[in-house]
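Colleague: I've got the model open and I keep tripping over the labels. Can you walk me through a few of them?

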Amino acid sequence: MCCKSVLVRRLSGSVLLAISLINAALCIFLITYVRNDLLPSVILAKVTQMEPLLPGHVTYNQWVDPPVSLYKDIYFFNLTNPEDFAAGAKPNFTQIGPYCYREYRLKHPIGLTGNPGDSEVLYNQQKLFYFDSDRTSKHLSESDLITTINFPLVGAIAVIDDMDIAMKELLKGVASLYHQKAYLTGDVHSMVWNYTNPFLQALHLDKKLLPSAYFSIQLNDSIDDRKTSKVYTGKGDISRLGTFIEWDGHSSLSWWPGADAQTLKGTEGLFFHPILKEGESLCVFVDDVMRSFQIDHTSSSTVMGISAFRYEVASHEFKGGLTYPYNGHQFGSWCPDGLIYMGVTQTPVVPVYASKPHFLDGDPSLVNNVIGLHPDRSLHDTSVEVEPTSGTNLRVVRQLQINFQVNRSSFFTQYKNMRNNILYFPMLYVNEHGQVSDSDAELLKEMVIYPTELVYGFLWGLVALTGFLTILFFVLSVLTCAGACRGKRCTRKVRRRSDMDEHWEPINENTPLLTSPNAKINDSTQSL
């Protein structure tokens, strides 16, 4: 019976060990499967139900009227030594701002395109700006005067650069007639929205030379029913949610020289596709500069109690063509690092370049050729913080500086004494920023965050239960095997005791207590 008991225990221990190993394998499988496949699939199915850009869905309403409160802050670089600059000194700047404007982006859907599955939607977009005196720095107003480069003259010189000498003489005469200097002074409102002067109006007499007599940094209340945009609704393929098909009537960005640059890519940046992965790069189309940018996942953050992925503009986007030839061939940015050529986006083509504020991440010469600019990454970089499950943009800071390329000229006396052959003159920079409202943050938590956490909790609870059972069965198998080993040792002791009993002789009164070795020898001798 004892042997049978030991055998049963050993078999039980082996079975329990096998069960624990099976549970361990199941636990490893569940962890891998839940993390990489099951969780994303379950969450994606839920998010997909609420996110297509179709009437009646939450994302559609947020797309028509974005929940992120957008503001556009404008900082001017006021030229404090204009006469000395014209005489050959470094330009000296004082930053003035911010002049803050509340921005509204309203979509006017025209309707679904009729493609199978309602996968595309047509719309017009309207941008509205209102001056916000409360957010504007104290003692500043739109009537403030700013001194900057004479951008109409610089632009006109660039336009006629390839023309014959007669056109250059004509421009020189018109500039002299209207007493044009190397610089000009204008008020903030006109600089931003509709700057003009008699010189510009004279140039506008030739519509081919200058189609408009006004210069604008930003258009207000801009909507043109003839210029529609088209994006994917995400129905049928949620990964294409909000991706541009056409922008402002253009399916191709034909003004850029390279085929890749001409391809319309990305969303407008207010939201992205759901289930973002760590390390994944995204693409944003920035309508102000009429091109797409790659943004890279750099870190994680928290916005209003919501975990987010933080993205920044890819470092190669601001490389010049000499160090990163792709940008030269695709975008015509044959310029120092830190600049982006924008001339082809203007009519007529003028030497305008974008950069990060204060020439952040630019070639050192850009800052060294001027006085008063101090790049600071904590103040002047662009970032986007996105909730990764829904792809909702929680906070955005998008900054861009406008610069004019000014060349020293022996023909136009206004710029004959310039210190450098080429100067990239900073005019202003724009900080477009916004954050999701409290109410929309709570809505996002209720509809996405909390259900997601519940799903995570249930599935990881299942994994934890499997792990617990694995440990339990393993411990039981160890205890059972240990018991079997003790039983086996007990059986051996019993057997040894039985053997001893078989050879045991009863002791009587005639049995000697001790037997000497000599007695044994004598007995042997007698027998012989």
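Colleague: Why is M290 called buried?

Modeller: Buried means under 20% relative accessible area, exposed over 50%, and partly exposed in between, using a 1.4 Å probe and protein chains only. M290 has a relative accessible area of 17%, so M290 is buried. Bear in mind that this is a predicted model, where local features need pLDDT of at least 70, side-chain atom pairs count only at pLDDT 80 or more, and totals for chains, interfaces and linings use all residues. Residues are numbered from 1 along each chain as its sequence is written, and side-chain values use heavy atoms, with hydrogens and water left out.

Colleague: Where is M290, and what is its phi?

Modeller: M290 sits in the loop between β8 (282–286) and β9 (291–303); strands are DSSP runs of E, at least two residues, helices are runs of H or I, at least four, and both are numbered from the N terminus. M290 isn't a glycine, yet its phi is positive, about 60°.

Colleague: H139 has a positive phi too, about 70°. What makes H139 exposed?

Modeller: H139 comes out at 80% relative accessible area, so H139 is exposed. You'll find H139 in the loop between β3 (120–131) and β4 (145–149).

Colleague: What makes Y104 and Y130 an edge-to-face pair?

Modeller: Rings of Phe, Tyr and Trp (its six-membered ring) pair if their centres lie within 6.5 Å; planes under 30 degrees apart count as stacked, over 60 as edge-to-face, and the rest as tilted. That rule gives 24 aromatic pairs here. For Y104 and Y130, the centres are 5.9 Å apart and the planes make 75°, which fits edge-to-face. Y104 is in strand β2 and Y130 in strand β3, 26 residues apart.

Colleague: Why are those two tyrosines called partly exposed?

Modeller: Y104 has 33% relative accessibility, so Y104 counts as partly exposed. Y130, at 48%, therefore gets the label partly exposed as well.

Colleague: And what makes F151 and F404 stacked?

Modeller: F151 and F404 are 5.9 Å centre to centre with 20° between the planes, and that is a stacked pair. F151 lies in helix α4 (residues 151–159) and F404 in strand β14 (residues 392–407), so the pair ties together parts 253 residues apart in sequence. F151 is buried at 4%, and F404 is buried at 3%.

Colleague: How do you know that R240 sits over the ring of Y232?

Modeller: The rule wants NZ of Lys or CZ of Arg within 6 Å of the ring centre and within 35 degrees of the ring normal. The charged end of R240 is 3.7 Å from the centre of the Y232 ring and sits over it.
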